[in-house]
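Let's take a friendly walk through this model together. Have the viewer open and follow along as the elements come up.

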Amino acid sequence: MAKSFDDLVKRTTTKKTQARASRRAQELLAELLLGEVRRVAGKSQQEVAETLGMKQPSLSKLEKQADMQISTLRKIVKALGGELEVLARFPKGTVKIDQFDPAHRRPRRQGPGDLQLL
């Protein structure tokens, strides 16, 4: 009977090596291009385009763009089953910018002293 690759890895590597490989895989997944994210999600361009109410060539063009509106990116990520977060990294910490998400709108803060770092 054939063994799966995962079974082979478990039998031939240490827990430490498996943990390191898992962390690296997560790092690589965090750096994917939009088209790669779609493929990892197991969806075709046609499926996502239909969900978004657009034609497949239009989605293909969007996936290749270096710049797009945050609202467009949010719709694509949602069609893939995800949720978009916009983070800004500074020397003193990371800030989640949620003004682009209608579900998280709140009154404007008074000043930079109210800045909350993650």
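The report below goes from the overall fold to single helices and then to a few residues.

## The overall picture

Please keep in mind that this is a predicted model. Its secondary structure consists of six helices and two strands. Reading from the N terminus, the order is α-α-α-α-α-α-β-β, so the helices come before the strands.

The protein has 118 residues, and 19% of them count as buried. Its accessible surface is about 9,800 Å², with 54% of that area belonging to carbon and sulfur atoms. If you take the contacts with a separation of 6 or more, 31% of them link residues 24 or more positions apart.

## Helix H1

Which helix is hardly covered? That is H1, residues 5–12, where the count of buried residues among the eight is zero. At the start of this helix, a side-chain oxygen of Ser4 comes to within 3.1 Å of the backbone nitrogen of Asp7.

## Helix H6 and its cover

Helix H6 spans residues 70–79, and its buried residues are Arg74, Ile76, Val77 and Ala79. What covers these buried residues of H6? The cover includes helix H3 (34–40), helix H4 (45–52) and helix H5 (56–64). After H6 comes Gly81, with a positive phi near 90°.

Val77 is a good residue to zoom in on within H6. Its relative accessible area is 16%, which is under the 20% cut-off, so Val77 counts as buried. Leaving aside neighbours within four places in sequence, Val77 is in contact with Gly82, Glu83 and Leu84. The C-alpha atoms of Val77 and Val37 are separated by 8.8 Å, although these residues lie 40 residues apart along the chain.

## Where H4 meets H5

Two packed helices are described by the angle between their axes and the distance between the axes. Here the axes of H4 and H5 come within 8 Å and cross at roughly 105°. This angle falls in the range of 65 to 115 degrees, and H4 and H5 are therefore roughly perpendicular to each other. On the H4 side, the contact is made by Gln45, Gln46, Val48, Ala49 and Leu52. The H5 side contributes Gln56, Leu59, Ser60 and Glu63. Sorted by class, the contact has four nonpolar, four polar and one charged residues.

Two of these residues are worth selecting in your viewer. Ser60, found in helix H5, has 14% relative accessibility and so counts as buried. From Ser60 to Ala49 the C-alpha distance is 8.9 Å, with the two residues 11 apart in sequence. Leu52, placed in helix H4, has 25% relative accessibility; because buried means under 20% and exposed means over 50%, Leu52 counts as partly exposed.

## Contacts of Leu52 and Arg38

Which residues does Leu52 touch, not counting residues up to four places away in sequence? They are Leu59, Lys75, Ile76 and Ala79. Among these, Leu59 is part of the H5 side of the contact with H4, whereas Ile76 and Ala79 are buried residues of H6. Leu52 and Ala79 are 27 residues apart in sequence and 6.9 Å apart in space, C-alpha to C-alpha.

Is Arg38, in helix H3, buried or exposed? With a relative accessible area of 7%, Arg38 is buried. Not counting residues up to four places away in sequence, Arg38 touches Lys43, Ser44, Gln45, Val48, Glu63 and Leu80. Gln45 and Val48 also belong to the H4 side of the contact between H4 and H5, and Glu63 belongs to the H5 side.

Terms used:
Residues numbered from 1 in each chain as written. Predicted model: local features only at pLDDT ≥ 70, side-chain atom pairs only at ≥ 80, totals over all residues. Heavy atoms only, no water. Buried < 20%, exposed > 50% of the residue type's maximum accessible area, 1.4 Å probe, protein only. Helix = DSSP H or I, 4+ residues; strand = E, 2+ residues; numbered from the N terminus. Polar contact = N/O pair within 3.5 Å; in protein donor to acceptor, adjacent residues only side chain to side chain. Contact = heavy atoms within 4.5 Å. Areas by Shrake-Rupley, 256 points an atom, 1.4 Å probe, with all protein chains shown as cover. Axes fitted to C-alpha atoms, helices over the stretch in contact; angles between N-to-C directions. Parallel < 35°, antiparallel > 145°, perpendicular 65-115°, else oblique. Nonpolar A, V, L, I, M, F, W, Y, C, P; charged D, E, K, R; others polar.
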